[in-house]
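Subject: Structure handover

Hi,

Here is the structure for you to take over. My notes follow below it.

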Amino acid sequence: MLNAQQQQFEQGIVKVADNVFTAVGFHGANTSMIVGTDGVIIVDTLMGPTSAANAFEAFRKYSDKPVKAILYTHSHGDHIGGASAFVGGERPDIYATESFGSAEGVNKAVDPVKMKRNVRQFGRKLSPSESTNRGVAPANTYDSDRGKGHLPPTVTVPRSGLKTTIAGVEIEFHIGPGETDDAMFIWLPKQKVLLAGDNFYSSFPNLYAIRGTAYRDVLSWSESVAKMAELEPHVVVPGHTMPIQGQEAATAALKDYSEAIRSVYDQTVRGINAGKGPDQLAHEVKLPDHLKDKPYLIEFYGSVPHAVRAIYAGLLGWYDGNPTTLNPLAPKLKAQKIADLAGGTEKLTEQMESALAKQDFQWALELADHVKWLDDGDLKLARKVKITALRGLAAREYNAPNRNYYLSYANELESGQLSEIWF
């Protein structure tokens with residue numbers, strides 16, 4: 001399934017209107033060029049100047065007019081790092097929202113571990129034989145010049161939005177929080193083209209990123225996409241993956257996307273108010289039957305269970321309401337009690353190996369995590385079981401972040417990069 005998703009970011013220029021072109025596959029995200037009377041407008045600028053320059057060279061087959069403006073849909077690095085490649089002798093206006101720069105919202109104190117988790121989520125250190133893609137982006141992108149072409153915004157889009165004309169092109173800026181609080185979407189009323197940024201792409205949305213993010217306002221995300229759908233665009237250009245063309249297809253995709261997000265939110269809230277905890281809800285909440293097989297809602301990048309847990313924590317915090325979990329046993333003490341329950345460390349170890357032999361990989365992982373805490377446990381065996389189980393889970397997984405994390409963690413365990421407490 002992941003290999004089939006590769007067609008969503010094959011490198012090329014897609015003409016989405018007579019004067020609007022989108023470069024797909026030059027890096028992880030998309031960049032677009034709008035051709036005006038005396039210049040062009042660039043929407044998002046990729047990760048760094050090298051990939052941006054390659055995209056700009058491809059754009060130049062359609063127009064050699066100077067860049068009059070650059071528009072940032074939000075502040076994630078893969079959308080803002082290559083701006084300098086589009087700039088000539090005259091510095092263009094650069095548009096962004098008032099809250100630009102608030103994309104991550106995670107305290108810098110946890111940057112060290114967040115960077116490790118980022119590498120795992122995107123599979124940045126996986127070998128070519130292990131790599132597929134990142135769900136909404138190719139696996140192998142040129143990242144060594146990350147952010148080196150970023151240019152700061154010079155024009156602030158107010159919270160009420162903005163309607164203006166740039167290079168003879170009528171443009172509307174609409175504030176649309178979702179994946180980030182600083183997001184906006186761009187509407188070209190004459191061309192009926194919507195540039196959605198990362199609030200839409202062909203995968204169930206990443207309502208929570210396992211690398212670690214602050215709560216993404218799921219309800220606002222659904223509402224922002226619903227506002228996009230009200231415009232009934234003839235084309236929707238996502239932040240990643242191929243544009244969807246045709247009014248019926250584009251509008252239906254946006255309506256379905258908004259409904260899917262809202263459904264997961266509503267189901268989770270109903271479960272919360274019924275007294276259910278995040279572990280139970282993560283296994284119960286599903287996309288409605290009429291949405292689950294839509295190609296733009298398959299869980300290649302975002303995950304419904306992860307979204308459910310994020311919504312729970314975002315609305316209520318970590319505590320699930322069950323007094324049993326108020327002060328749970330320390331991991332080592334719990335492991336010892338589990339071993340006693342199993343009939344001793346040797347019996348627990350046999351159960352761990354049996355789970356692995358039955359390809360019950362998740363249970364094998366959980367038992368390995370108990371065995372590792374035991375003073376008389378076979379730590380080398382527990383590590384070996386965990387590595388094998390992680391690779392077994394990865395082989396079954398079409399959610400790219402999950403798959404990448406399983407494989408990356410297995411490799412770190414095997415190479416000895418992780419401490420005993422981490423494994």
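Which residues of the largest nonpolar core touch the most other members? They are Phe 200, Phe 204, Val 236, Leu 254, Tyr 257, Val 264 and Leu 297, out of 38 residues in that core. Five elements are listed as giving two or more residues to this core: strand S10 (184-188), strand S11 (193-197), helix H5 (218-230), helix H6 (247-273) and helix H8 (304-316). H6 supplies the largest share, nine residues. As background, nonpolar side chains in soluble globular proteins tend to be buried together.

Please keep in mind that this is a predicted model. The rest is sorted by topic.

Salt bridges

The whole structure holds 12 salt bridges. Three of them are described here.

- Asp 266 with Arg 262. The closest N and O atoms are 2.9 Å apart. Both residues sit in helix H6, four residues apart, so about one helical turn separates them. Asp 266 is partly exposed, at 25% relative accessible area. Arg 262 is also partly exposed, at 35%.
- Glu 284 with Lys 276. Their side chains meet at 2.9 Å, N to O. Glu 284 has a relative accessible area of 36%, so it counts as partly exposed. Lys 276 is partly exposed as well, with 28%.
- Arg 309 with Asp 279. Here the N to O distance is 2.7 Å. This pair links distant parts of the chain. Arg 309 belongs to helix H8 and Asp 279 to helix H7 (residues 278-284), with their positions 30 residues apart in the chain. Arg 309 is partly exposed, at 36% relative accessibility.

Surface patches

There is a patch of negative charge on the surface. Its members are Glu 346, Glu 350, Glu 353 and Asp 378. Glu 350 lies in helix H10, which covers residues 345-357. Is Glu 350 buried or partly exposed? Partly exposed, because its relative accessibility is 39%, and the range for that class runs from 20% to 50%.

A nonpolar patch is also found on the surface. Val 110, Val 113, Ile 421 and Trp 422 form it. Together they have about 370 Å² of accessible area. Trp 422 is in the segment after helix H13 (400-415).

Positive phi values

Two residues other than glycine come up here.

- Asp 44 has phi near 70°. It is in the loop between strand S4 (40-43) and helix H2 (49-59). Asp 44 counts as buried because its relative accessibility is 3%, and the cut-off is under 20%.
- Ala 167 has phi near 50°. Its place is the loop between strand S8 (162-166) and strand S9 (169-175). Ala 167 is buried too, with a relative accessible area of 12%.

Distances across the chain

Three C-alpha pairs are worth having to hand.

- Leu 413 and Lys 380. They are 33 residues apart along the chain, and their C-alpha atoms are separated by 11 Å. Leu 413 is in helix H13. At 1% relative accessible area, Leu 413 is buried.
- Tyr 301 and Tyr 208. The sequence separation is 93 residues, and the C-alpha distance is 10.0 Å. Tyr 301 sits in the loop between H7 and H8. Tyr 301 is buried, with a relative accessible area of 9%.
- Pro 66 and Ile 210. How many residues separate them in sequence, and what is the distance in space? They are 144 residues apart in sequence and 40 Å apart in space, C-alpha to C-alpha. Pro 66 is in the loop between H2 and strand S5 (67-71). At 46% relative accessibility, Pro 66 counts as partly exposed.

Over to you.

Best wishes

Key:
Residues numbered from 1 in each chain as written. Predicted model: local features only at pLDDT ≥ 70, side-chain atom pairs only at ≥ 80, totals over all residues. Heavy atoms only, no water. Patch = residues over 30% accessible without salt bridge, like charges linked within 9 Å, V, L, I, M, F, W, Y side chains within 5 Å. Areas by Shrake-Rupley, 256 points an atom, 1.4 Å probe, with all protein chains shown as cover. Salt bridge = Lys/Arg side-chain N within 4 Å of Asp/Glu carboxyl O. Lys, Arg positive; Asp, Glu negative; His and termini not counted. Charge placed at Lys NZ, Arg CZ, Asp CG, Glu CD. Buried < 20%, exposed > 50% of the residue type's maximum accessible area, 1.4 Å probe, protein only. Core = buried A, V, L, I, M, F, W, Y, C linked by side-chain atoms within 4.5 Å.
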